[in-house]
Amino acid sequence: FFRALICWFYFTGSWSLDPRPVLHHECHSPCAVLKLKCSMDLREPLSGTSKAEEEVFDQSTVEDEDPSSLRNRFCQSFSFPMRPGLKVDANPTTGAFVLGTGSAFAKQKYTTEEMLEAFHNQRIRVGDVNYDRGFVERVFKGCRFESHSVMLPKEKLFTSLTREEYLQHRRTAMTSLAEEACREALARWGGNPKAITHLFWGTMTGGMDSPTLDIRLVTTLGLSKDVKRTSIEGMGCLTGYRLLSLAREVVMGNPKARVLVVTADLRSALQNCQPKELTRGDVIAMALFRDGGSAAVVGGNPVGGEEPNFEIMASMSRILPDSFDIVDYQEMVGGSIRLSLSPELWKIVAREEPVFVTDLLEEASVWQALRDGTQDPLPPLPEWDIAIHTGGPRVLEGVCQSLGSTVERFRASWKVMTENGNLSGSSNLAVLHQQAQLNSCSKWVLGLSMGPGVCLEGAVFRRM
């Protein structure tokens, strides 16, 4: 009765006539919004890099936010009355839970020095005498990776692959990563693999190759032949959280469902599918992207011996306006692949992400009130752990500043990134898996990622 009464007050807004967020603590420092000075076109050929051009990697400035200019106040607690028109169609007695996670990386990892040696040797073999060696050294070392997860032997690093060789590499290596991550997630869940009702598979490592990898996993993992499969490609670095959000929607509608979410990527293959004449953008992609796999089991209210890691309290997707050409990923003549990132990318994300996070936290606050029957505010964001995709040091540092957080709160993302590299969409669940292993005092985790579009993806997790 009391829970129903509290929910009635919540829906009618009877305890607050102010439609704005109820913020309970004074903000002592303004949230910072990242602003990068970008003066280089990454699509230009790689030669004669000037000092000014290096600012895209080495220089950023931070401007304080005008507290009245944005709705977010990240250093305060969050409690939102139900805004007019906001509908919650789910049953608040049914939750969505992460029941087990897993990750997989290359068994043989390489140091930055080994990667640079292989890169320079390959440039010599193809007769490229005009590339800017100093620029390459700065970019690779600027990524700050302690080791690189690459599913190739050392002699194959940066060598060109034919289309047939690429597809074969994709078929075998990516299946291996996906299967290993799934086995760990299933083992941590502890249930019968045949009880998995849905299989969601995603990758950014594209290829026309059927039967698709999800069908192979059904057999190798011993899943039911009646499992409902979904295969998604091309969503970039947000793939893991997007699939996790879809899994949440499934189990909210059917609490008995058990969804196996798996992503795997061979993003280092960008280094094996490059045109002879490299651009600066090519070098950045070759330095950043690496290989990995990750998985999670998602279910409704736990039963039996299930011990969830997290409850998924909210999720959100957003396409940013006027950003369609900011990230460009194309297959070219002869099978080469080119990824171009506009210098405007980080400025757009820094501008839009604080508002996106505010809206995401609003949904989480509403769902918490419905689930728990209270209006306890969400804690200030600096008290949250942040599980962001491993997009590179500038991404982690920029988001940290824009959210007014600290490096310590990003330690799971930093650990996965420095030990493996940028794993694209596979990094989402790999970082969440790392979060599950941490001995953290924070009850709340904010998951964030971005992809081509430009799109933002987010999820709010509550530790169990």
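Which residue lies over the face of Trp367? Arg248 does, at 5.9 Å from the ring centre. The model is predicted. The briefing below covers its nonpolar cores, its aromatic pairs and the strand S8.

**Nonpolar cores**

- The largest nonpolar core holds 92 residues.
- Seven members touch the most other members: Phe119, Leu244, Val261, Trp384, Leu446, Val460 and Phe461.
- Helix H9 (residues 345-372) supplies the largest share of this core, 11 residues.
- Another core lies apart from it and has 27 residues. Among them are Ala178, Ala185, Leu223 and Leu266.

**Around Trp384**

- Neighbours within four places in sequence are left aside here.
- Trp384 is then in contact with Leu361, Leu378, Pro379 and Arg409.
- The contacts of Trp384 also include Ser442, Trp444, Val445, Leu446 and Val460.
- Leu446 and Val460 are, like Trp384, among the core members that touch the most others.

**Aromatic groups**

- The structure holds 7 aromatic pairs.
- Tyr241 and Phe461 form a tilted pair. Their ring centres are 6.1 Å apart, with 45 degrees between the planes.
- Tyr241 lies in helix H7 (residues 239-253) and Phe461 in strand S15 (residues 455-463), so this pair ties together parts that are 220 residues apart in sequence.
- Tyr241 and Phe461 are both buried.
- Phe461 is also one of the residues that touch the most other members of the largest core.
- Phe119, Tyr131, Phe140 and Phe158 form one aromatic cluster. Phe119 from this cluster is another of those high-contact core members.

**Strand S8: burial**

- Strand S8 spans residues 258-266 and is mostly covered. Of its 9 residues, 9 are buried.
- Both faces of S8 are covered.
- One side carries Arg258, Leu260, Val262, Ala264 and Leu266.
- The other side carries Val259, Val261, Thr263 and Asp265.
- Val261 is listed among the best-connected members of the 92-residue core, whereas Leu266 belongs to the 27-residue core.

**Strand S8: pairing**

- S8 pairs with strand S6 (residues 198-203) in the parallel sense, over 5 bridges.
- In that pairing, His198 stands opposite Val259 of S8.
- S8 also joins strand S9 (residues 291-299) through 9 bridges, and these two run antiparallel.
- Leu260 has Val297 of S9 as its bridge partner.

How values were computed: Residues numbered from 1 in each chain as written. Predicted model: local features only at pLDDT ≥ 70, side-chain atom pairs only at ≥ 80, totals over all residues. Heavy atoms only, no water. Core = buried A, V, L, I, M, F, W, Y, C linked by side-chain atoms within 4.5 Å. Buried < 20%, exposed > 50% of the residue type's maximum accessible area, 1.4 Å probe, protein only. Helix = DSSP H or I, 4+ residues; strand = E, 2+ residues; numbered from the N terminus. Contact = heavy atoms within 4.5 Å. Phe/Tyr/Trp six-rings, centres within 6.5 Å; stacked < 30°, edge-to-face > 60°. Lys NZ or Arg CZ within 6 Å of the ring centre and 35° of its normal. Pairing = 2+ DSSP bridges.
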